[in-house]
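Trainee: I have just opened this entry and would like some help reading it. Could we go through it together?

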Amino acid sequence: MSAGLSSSLAPHVVVVGGGMAGVAAAQRLVQEGLTHVKILEARDRVGGRIWTQYLGSDTTLELGANWIHGSIGNPIYELAKQHGLLRDEVKPGDLDRPTVGELKNGKFLMPGGKVMDEAVVDSFLQNYNEMIEECCAVFEQGMPSQPVDSIGEFLSRELGKQLVSSNDTDASVKCTKMALLQHFLKYETCDNGCHDMREVSLKYFGQYNELEGDHNNTSDFSAILDLILKTIPPDCIAYNKKVQCIRWKEEGQKRSDSAHAYDTHGVEVECEDGQVFSADHVIVTVPLGFLKKNSRTLFQPPLPEEKLASIERMGFGVVNKIFLTFQEPFWDTEYDALHLVWDQDESNPKTPKEWYKKTYCFYIDSKAPKTLMGFISGKEAEYMETLSEEEISNTFLSLLKKFTGKDDIPKPVRTMITRWGSDALTCGSYSYIHVGEKGDDISTVAEPLYRDNTEVPAVQFAGEATHSEFFSTVHGAYLSGQREANRLVNLYGNSENGTRKS
């Protein structure tokens, strides 16, 4: 038990959501002696947007989180390394931006099976990476506002001008690089979790902190989650408990006798099945997409308008995965990705008819050596969720034939996709900073709701979208959960916890 923590104080804490933020918060509280903790998880599993599927002895699919982003200062990396759960370290090497570096060991294909010249791809990536650094500098160096608001507009305009005025004498090389620009804008929509890069704020793009060091693939993300769960008593988790209402401040006359515990502890959490949990503190870790859809009805009384406005402004998009498993690989196993680069004039999909054009790449993961894993974002990803697996399988088989030039590719033996957009508990995939979003919106959403005139939090907020530097990542979710747990650890370890300071 921490120094100064009074054993006479035994606060009841309810954690809404059993994703990484929720289990990290519970772990920290239990470790520090605040053991009256209950995680309310709406699913029949923990993990939330961490979801590993095991299909046979040689196939592990990550339906949710996929990579550990950076190693230096990353608690998820340290946990995985300590327990021997790392594999497939990706060393960016030539490029400063790891996410672009990861893509470099891929085979870049164009329709008809044409393989792009590696020198042309490398030349483009160098220019592209420099332009991304300029985007980050707008925030990092407080540079004057640009005449455009979004990353998409900035890259299309500035990099487009560079490519047109470049020293490339071959017109086909310029056309190829313009096609690569459109290709990487699709990549960015998946990396950022948006539909179109014109939705992503240029002003705050650099607010995301890219951790240094190798990017890593784990043996499986669920194994990392299990390490944390082993430190939490099993009876701290209640499954199939979808929260319907969080009553955090008593208004008007007292409620019925069923709310007696509320009068004692201060907050009550009502589930859809009618069960009510009382608490001194509630830590809400649901995804931002869920808050966007339910925040005006989930809390009684309603959230402050300032917080509601921030939730509305923040970006939260849909990114889905496609898994195509074959009897045997038909691709060159020396590569870790097959990039599908459309000709410039064919690049932009006409949704919904050409939804498949938004898929920029298929990765080859050693955890599933006979499976190609693709990404698709935005409205096209949402549309794909409405299709049958048979139609999806046939569409991507035709696409692979078109880009490899091989007509004899067999049909996949299994096709799976994720459906995060229609998942009522996530309503999307992960957060980004939207055009028009204010610099303090993340902090506003993360700010607790306090009991009147005190510094005692009644409702707290965690999750990747509440971390101002590491939003959209597993380590951001983990650290946000620890942050909110530490808020309570510090409170109960400090005897001066009466009146909230102004």
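Trainee: How many helices and strands does the secondary structure of the protein come to?

Mentor: Welcome! Keep in mind that this is a predicted model. Its secondary structure comes to 14 helices and 24 strands. Of the 502 residues in the protein, 57% are buried.

Trainee: Let's take one helix. Which residues of α10 are buried?

Mentor: First, the general idea: an α-helix has 3.6 residues a turn, so residues three or four places apart point the same way. Now the case here: α10 spans residues 305-313, and its buried residues are Lys307, Leu308, Ser310 and Ile311. They lie on the same side of α10 because the arc they cover around the axis is only 160°.

Trainee: And which exposed residues does the face turned away from the buried side carry?

Mentor: That face of α10 has Glu305, Glu306 and Glu312 as exposed residues.

Trainee: What covers the buried residues of α10?

Mentor: The cover includes two helices, α9 (288-298) and α13 (441-446), along with strands β23 (449-450) and β24 (457-461).

Trainee: Now a sheet, please. In what order do the four strands of the open sheet with β11 come?

Mentor: In general, strands of a sheet pair through backbone hydrogen bonds, either parallel or antiparallel. Here the order is β13-β12-β11-β15, with mixed pairing. β13 (276-279) and β15 (299-300) are the edge strands; each has a single partner, so one side of each lacks a neighbour in the sheet.

Trainee: How many bridges join β11 to β12?

Mentor: Four bridges link β11 (residues 243-247) with β12 (residues 267-271), and the two run antiparallel. Across this pair, Cys245 sits opposite Glu270 of β12.

Definitions and conventions: Residues numbered from 1 in each chain as written. Predicted model: local features only at pLDDT ≥ 70, side-chain atom pairs only at ≥ 80, totals over all residues. Heavy atoms only, no water. Buried < 20%, exposed > 50% of the residue type's maximum accessible area, 1.4 Å probe, protein only. Arc of directions from axis to C-beta. Contact = heavy atoms within 4.5 Å. Pairing = 2+ DSSP bridges.
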